[in-house]
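Me: I am new to this structure. Please take one part of it and go through that part closely.

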Amino acid sequence: MTPALKIQGLRKTYQNGFVALDGIDLEVAQGDFFALLGPNGAGKSTTIGIISSLVTKSGGKVIVHGVDIDIDYPGAKKFLGIVPQEFNFNVFEKVEDILTNQAGYYGIPYGVAKERTEHYLNRLGLADKRHESARNLSGGMKRRLMIARALIHAPKLLILDEPTAGVDIEMRRAMYEFLKEINAAGTTIILTTHYLEDAEALCRNIAIINHGKIVTNRSIRELLRDLNKEVFLLDCADTLPAEIAVNGFELKRLDDHCLEVVINKGQDLTAVFRTLGDKQISVVSMRNEANRLEQMFVNLLEQSA
Amino acid sequence: MTLFEQYIALLTIVRKEIRRYLRIWSQTLLPSAITMSLYYVIFGSLIGSRIGEMGGYSYMEFVVPGLIMMAIVTNSYANVASSFFGAKFNHSVEELLVSPVPSYVILWGYIIGGVTRGVLVAIIVTAVSLFFTKLSINNATIVVAVVVLTSVLFALFGFINGVFANTFDDISIVPTFVLTPLIYLGGVFYSLDLLPDFWAMVSRANPLVYVVNAFRYGMLGVSDVNITVAFTMIVVFVICAYLYSLYLLNSGKRLRS
């Protein structure tokens, strides 16, 4: 099947000489929920900018659903819906006008545009704001408006650049549920986010970019399998002894009831639980010190540096 | 995009532009009506009555076509310059740039927006002028053609200004330091016959001379320049400004990184 997005040797050097992209290759399959991660300034937004035509590339190829942007940019753009990081609508326009106008730019007749606007306003909880100026919306509502605007022409590939920046937890979850739904309905999604636990929960495949180069590009499951070290925190009901040791494990008593355990690849926690059980200490909960993907992310960035 | 889709996109841009200036009518439509009324009172009635005839007409009759043209020029220019720069400033221009709309459709959308405001203001200013003088139309076809071509030309100039502007100051600098002097020196208030030969010749490099005189010819049947030359010059200016504007949009200069 034709990939939703294929990038070959993409390069971008800005006028000041800064190399934002140093020949990246990337392929995103149709129907995928794909995470593009990287620290600030790694090249994520530049990549999205080139795909959406807001940034001109210095070299390489970008092919959207089989359409090369060098040959037919308008054709490629029809497949794309873009949710940029910064708000980029006219704040003095009415919410519904922003959506119907965007539909019009894709050649959708006004009557159909109104119907779709109605659908997305309802679906994203903005129906009662339709006559409001966009400047009167809260930050979360503005984010949802940008998602609605990106979907108004039914794109096959939706690219979201930090869609949950500044959005509260409840809204973030609702937004992700919505994205899961449209992904399940067939829309390919590429997401950039700094919430790595969200990327782990939502995405099937991942690319990590740093200093304009792809550090890794594989499935999240494969990536996490390579995690060499994980740190767990055990919350105990009983008071931990001042000294506690388990052969082969790195343990650290954080306070009277919390124990940090470092697990290397191949180890399991059975011996630790057995030792605690022998000492009549019951464990009430267990959690990763850091998100697993975050740990992997940090490891990979350190290696690439 | 199919031709029908392009037509829908064009209608959308035009509708958005018209809604924009109607929403802020007190800043876009009203000022010209007030300014021109003052011009009619001061230059037409008070001072004009002492000047006597110019070009075979009373000074009031002579000055009205130039003042209508002045309103068209400033409004079609200001509409596109401020709207396009505003869209650049708040990044909403990206809505258009990421969409499949061809550059020429975007450009025509803004041009038509500017033309409609220019024409609307011209109608208002003409209606106001009827309180001060009687208007005659020598050649309606020329009047309509000049109005349309002039508003297209200055909408294009406004677009170029909008593309290059970095701040809101930049979209007021050109009208203040370039457009206003060109208008005042373009024969709105006087006939080029009054100028010494050298300055009359220099004035012919001013596009305003051609639009004002062509319009005055359409209204009164008098002109300081040959009407064919005037039309040719306006059309040449329009073609050059259009091609340059299209080049700016296609190349993404000042619009894309």
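Reply: Start with B:Phe159. At 1% relative accessibility, B:Phe159 is buried, because buried here means under 20%. Keep in mind that this is a predicted model.

Now look at the partner ring. B:Phe159 forms an aromatic pair with B:Tyr110. The ring centres are 6.4 Å apart, and the planes meet at 50 degrees. That makes the pair tilted, because stacked needs under 30 degrees and edge-to-face needs over 60. B:Tyr110 is buried too, with a relative accessible area of 0%.

Next, see where the two rings sit. B:Tyr110 belongs to helix α6 of chain B, residues 103-129. B:Phe159 belongs to helix α7 of chain B, residues 140-164. The two residues are 49 apart in sequence, so the pair ties together separate parts of the chain.

Other aromatic residues can be found as well. Over all chains, the count comes to 16 aromatic pairs. Chain B also holds an aromatic cluster made of B:Tyr39, B:Tyr184 and B:Phe189.

Last, turn to where chain B meets chain A. Here 24 residues of chain B are in contact with 28 residues of chain A. The buried area is about 2,500 Å², and carbon and sulfur atoms give 53% of it. The interface has 3 salt bridges. One of them joins B:Glu5 to A:Lys78, at 3.0 Å from N to O. On the chain B side, α1 (3-23) and α5 (93-97) each supply at least two residues. Helix α1(B) gives the most, with 10 residues. By type, the residues on this side are 10 nonpolar, 6 polar and 8 charged.

Definitions and conventions:
Residues are numbered from 1 along each chain as its sequence is written. Chains are lettered from A and ligands numbered from 1 in the order in which they are written. This is a predicted model: local features need pLDDT of at least 70, side-chain atom pairs count only at pLDDT 80 or more; totals for chains, interfaces and linings use all residues. Side-chain values use heavy atoms; hydrogens and water are left out. Contact means heavy atoms within 4.5 Å. Buried area is the accessible area (1.4 Å probe) that two parts lose on being put together, summed over both. A salt bridge is a side-chain nitrogen of Lys or Arg within 4 Å of a carboxyl oxygen of Asp or Glu. Helices (H or I, at least four residues) and strands (E, at least two) are DSSP runs, numbered from the N terminus. Ala, Val, Leu, Ile, Met, Phe, Trp, Tyr, Cys and Pro count as nonpolar, Asp, Glu, Lys and Arg as charged, and the others, Gly among them, as polar. Rings of Phe, Tyr and Trp (its six-membered ring) pair if their centres lie within 6.5 Å; planes under 30 degrees apart count as stacked, over 60 as edge-to-face and the rest as tilted. Buried means under 20% relative accessible area, exposed over 50%, partly exposed in between (1.4 Å probe, protein chains only).
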